[in-house]
Amino acid sequence: ADKELASKTYEQALADYEAASNLNPNEKYPKEKIEEIKALRAKNNEASDLDRRYKEEIAKADAALKAKDYATAKKYYLNAEALKPKELYPFDEVKEIDRLMAMQVVTKPEVKPTQEPEKENLPVKEIVKEPVKEVVKEPLKELPVEAVDRHETFKRERHVQELESGNYVIVGVFGSGANAKNMAKKLVYTGFNANYGFGTEKSLWYVHIFNGDDINSARKERDKYRKHPLFKDAWLLTIQN
């Protein structure tokens with residue numbers, strides 16, 4: 001039974017351990033091995049079920065993408081990504097779908113002007129013209145442009161993973177540190193200099209792709225990354241000591 005267990009022949013090993021246990025019911029070793037094999041089989045069954053569900057979501061996503069139904073394809077790829085967060089294929093496909101959707105040009109149907117109803121021939125009243133006063137218009141003054149970009153400022157606290165002081169370009173905010181870590185890891189896999197950290201003031205985790213001491217440099221990096229479909233909502237976060 002030990003040799004069969006070592007070679008992962010679980011069914012035969014289980015039968016032999018059960019036979020040994022029947023020969024000597026007071027012996028603990030066969031019983032422990034029986035429970036170990038049952039746990040391994042349950043784990044394997046769970047993994048097999050996960051693989052099946054993952055493949056089903058990928059198959060539906062691939063079919064929808066082939067039909068250019070981008071919204072449906074993205075939904076199924078995200079489902080697959082949730083089942084197996086370490087798999088890069090669904091993550092890459094979502095990126096490609098975002099790029100394709102950003103390139104789509106939405107054409108609006110031409111709206112023809114409605115014809116005005118014909119006016120009845122009514123008697124024209126005599127119009128008395130009054131002298132027109134010349135109005136001198138003053139030149140328009142240029143109004144200051146108000147900043148509408150999101151920029152938040154926090155004070156640095158003492159959390160073990162607190163963000164260091166500086167200026168950050170934020171691309172993701174999460175209530176879970178594991179989710180923030182997962183996003184940062186995927187961005188690193190795809191070539192971005194990403195990282196994450198905690199902000200005590202709002203008890204949230206922030207994923208960033210740039211940080212530096214100069215706020216103007218941070219603004220330039222934010223504007224650069226906003227041209228990418230994945231980071232069109234990037235914003236600034238300043239952490240102060």
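Read along the sequence, the protein chain of this predicted model follows the pattern α-α-α-α-α-β-β-α-β-β-α-β. In total there are seven helices and five strands in the chain. Of its 241 residues, 28% are buried, and the chain exposes about 18,600 Å², of which carbon and sulfur atoms supply 52%. Among the contacts with a separation of 6 or more, 62% are between residues 24 or more positions apart.

**The sheet and its order**

- The five strands form an open sheet in the order β1-β5-β2-β4-β3, and the pairing within this sheet is mixed.
- The strands β1 (151-155) and β3 (195-199) stand at the edges and have a single partner strand each, so one side of each is left without a neighbour in the sheet.
- From one strand to the next, the twist of the sheet averages 45°.

**Strand β5 and its two partners**

- Strand β1 runs parallel to β5, and five bridges join the two; within this pairing, Thr153 stands opposite Thr238 of β5.
- Strand β2 (residues 166-174) pairs with β5 (residues 235-240) in the antiparallel sense, again over five bridges.
- Along the pairing of β2 with β5, Val169 stands opposite Leu236 in β5, while the bridge partner of Ile170 in β5 is Trp235.
- Five of the six residues of β5 are buried, and the strand is therefore largely enclosed by the rest of the structure.

**The β3-β4 hairpin**

- Strands β3 and β4 run antiparallel and are joined by five bridges, with Tyr196 standing opposite Val207 in β4.
- These two strands form a hairpin that has four residues between them, and Ser203 in the turn has a positive phi of about 55°.

**Helices lying across the sheet**

- Helix α6 (residues 177-189) lies across β2, β3 and β4 (204-212), and its direction is at about 30° to that of β4.
- Helix α7 (residues 215-225) lies across β1, β2, β4 and β5, where it runs at about 155° to β5.
- Which residue of helix α7 is considered here in its own right? It is Arg222, which lies in that helix.
- Arg222 has a relative accessible area of 5%, below the 20% under which a residue counts as buried, and is therefore classed as buried.
- Apart from its neighbours within four places in sequence, Arg222 is in contact with Asp149, Val169, Ala234, Trp235 and Leu236; of these, Val169 and Leu236 stand opposite each other in the pairing with β5, and Trp235 is the bridge partner of Ile170.

**Helix α2 and its two sides**

- Helix α2 (residues 10-23) has 14 residues, which at 1.5 Å a residue should span 20 Å, and its end C-alpha atoms are 20 Å apart, in agreement with that expectation.
- Which residues of α2 are buried? Tyr10, Ala13, Leu14, Tyr17 and Ser21 are buried in this helix.
- These buried residues cover an arc of only 100° around the axis, which puts them on the same side of α2.
- Glu11, Asn22 and Leu23 are exposed on the other side of α2.
- The cover over the buried residues of α2 includes α1 (2-6) and α3 (28-66).

**Lysines with positive phi in the helical part**

- Most residues other than glycine have a negative phi, a background against which two lysines may be considered.
- Lys8, which lies in the loop between α1 and α2, has a positive phi of about 65° although it is not a glycine.
- Is Lys8 buried or exposed? With a relative accessible area of 61%, Lys8 is over the 50% cut-off and is therefore exposed.
- Lys68, found in the loop between α3 and α4 (70-83), likewise has a positive phi of about 65° without being a glycine.
- The relative accessible area of Lys68 is 63%, and this residue is exposed as well.

How values were computed: Residues are numbered from 1 along each chain as its sequence is written. This is a predicted model: local features need pLDDT of at least 70, side-chain atom pairs count only at pLDDT 80 or more; totals for chains, interfaces and linings use all residues. Side-chain values use heavy atoms; hydrogens and water are left out. Two strands pair if DSSP finds at least two bridges between them. Axes are lines fitted to C-alpha atoms, for helices over the stretch in contact, and angles run from 0 to 180 degrees between N-to-C directions. Contact means heavy atoms within 4.5 Å. The expected span of a helix is 1.5 Å times one less than its number of residues. Buried means under 20% relative accessible area, exposed over 50%, partly exposed in between (1.4 Å probe, protein chains only). The arc is that of the directions from the helix axis to the C-beta atoms. Accessible areas come from the Shrake-Rupley method with a 1.4 Å probe; for residues, only the protein chains shown count as cover.
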